[in-house]
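Me: I am new to this structure. Please take a close look at a single part with me, and keep it brisk.
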Amino acid sequence: MELTARKKQILKIVVDSYVATAEPVGSKVIAEKMPGKISSATIRNELADLVEMGYLEQPHTSAGRIPSPQGYRLYVNELMEQHTLSAEETASINAALTDKMAHTDQVISQAGQMVSRVVGYPAYTMTEGRSDVSVRRFELIGVDERSFIAVVMLSDSRVKSQLLGMQLPVESAKLPEMSHLLNTHFTAISAQEISTRLMSLSDQVDGNWFLLLNQVCDYACELLRQASHQSVFTGGASQLLKFPEYRDVDKAHDLMSFMVDNKENLPVPVGDSPMQILIGPENVNDALKESSVVIASYDIGDNMRGLVGVVGPTRMDYATVAARLSYFAESLSRMFGKPQLPTKEDTQQ
């Protein structure tokens, strides 16, 4: 059976209408949107063919049709019109990112929430772990006689700090000397090497100062361990509740729980494509078999990539989500590469 231009046109109308209304689409709605005069009988025959070919499904309680995962796939690959972002959309994304630009870590951890607000669906962001990260510089800042702040700059330019306390008093005047010792012996090496070098200095550093070194080195090693693990942040899981597909509380709860408790199993891109769309059964994890996921990657710098993903019903507004997510990912890449966001004109070239 041939998938003619008219069948494709009818499929596009069914998908567009179902995405907009969440109601099965009947022949009358299709007839109103088809160019020229086509009889209801002809439309019904075409709908029956599309069902037989696997592109449409017919709910038992309705005379209308809804798209199947196969129908959505054809729509996304061939029939979907490109969504052009409005000035309001680009301004909204730029504003969300500009508020966080001073804090790179904050941008990554809160990107899921930002994307969710921009696209109106639950979202997540993921960064791959780096085993080659090391400490670039230490600085110790005195607070009082029993506490100080350890500042650690990592080789990927992230800066972390933590307030550390001591059981015995410490002389703030000696903290620069201890910072120098740390920068001389404990930079540009792995966490394991930090532990080894610390033990080699145990006989050369007075007891209380060795305890201070031990605390700082423990903190640095924990930062390096965190850097080596994949980081996943989710946001907006409750957005699911506004979609008719998730009026079933158990169904909504299962997907929301998966996004929170099993977020490490959320899909990652395959290959080098900057944008991927996984529809229903194309998702490997059973929890996502009735959902769709749109994923875009972005460049963090230092040969690192991150990704942002959107999760929602298969009845997703793919064109709008893809356009907004692509712009958001491109904005992140530009933000990490240079301190400016893309203009609307840049995205339309």
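Which residues of helix α4 (residues 69-79) are buried? Please go on from there to the contacts and side-chain pairs.

Reply: A word on the model comes before the helix. This is a predicted model, so local features need pLDDT of at least 70 and side-chain atom pairs count only at pLDDT 80 or more, while totals for chains, interfaces and linings use all residues. Residues are numbered from 1 along each chain as its sequence is written, and side-chain values use heavy atoms, with hydrogens and water left out.

Now the helix. The buried residues of α4 are G71, Y72, L74, Y75, V76 and L79. Buried means under 20% relative accessible area, exposed means over 50%, and partly exposed lies in between (1.4 Å probe, protein chains only). Helices (H or I, at least four residues) and strands (E, at least two) are DSSP runs, numbered from the N terminus. An α-helix has 3.6 residues a turn, so residues three or four places apart point the same way.

What do these buried residues pack against? Their partners are α1 (5-21), β2 (66-67), β8 (275-279) and α11 (318-337). Contact here means heavy atoms within 4.5 Å.

Next come the charged pairs. A salt bridge is a side-chain nitrogen of Lys or Arg within 4 Å of a carboxyl oxygen of Asp or Glu. By this rule the model has 12 salt bridges.

One of them starts in α4. R73 pairs with E282, and their closest N and O atoms are 2.7 Å apart. R73 is in helix α4, while E282 is in the loop between β8 and β9 (291-301). The two residues are 209 residues apart, so this pair links distant parts of the chain. E282 has 35% relative accessibility, so E282 counts as partly exposed.

Helix α1 holds charged partners too. K7 and E46 meet in a salt bridge of 2.7 Å, N to O. K7 lies in α1 and E46 in helix α3 (residues 40-53), so the pair ties together parts that are 39 residues apart in sequence. Both K7 and E46 are buried.

K12 forms a salt bridge with E81, with the closest N and O atoms 3.3 Å apart. K12 lies in α1 and E81 in the loop between α4 and α5 (87-98), so this pair ties together parts that are 69 residues apart in sequence. E81 has 56% relative accessibility and therefore counts as exposed.
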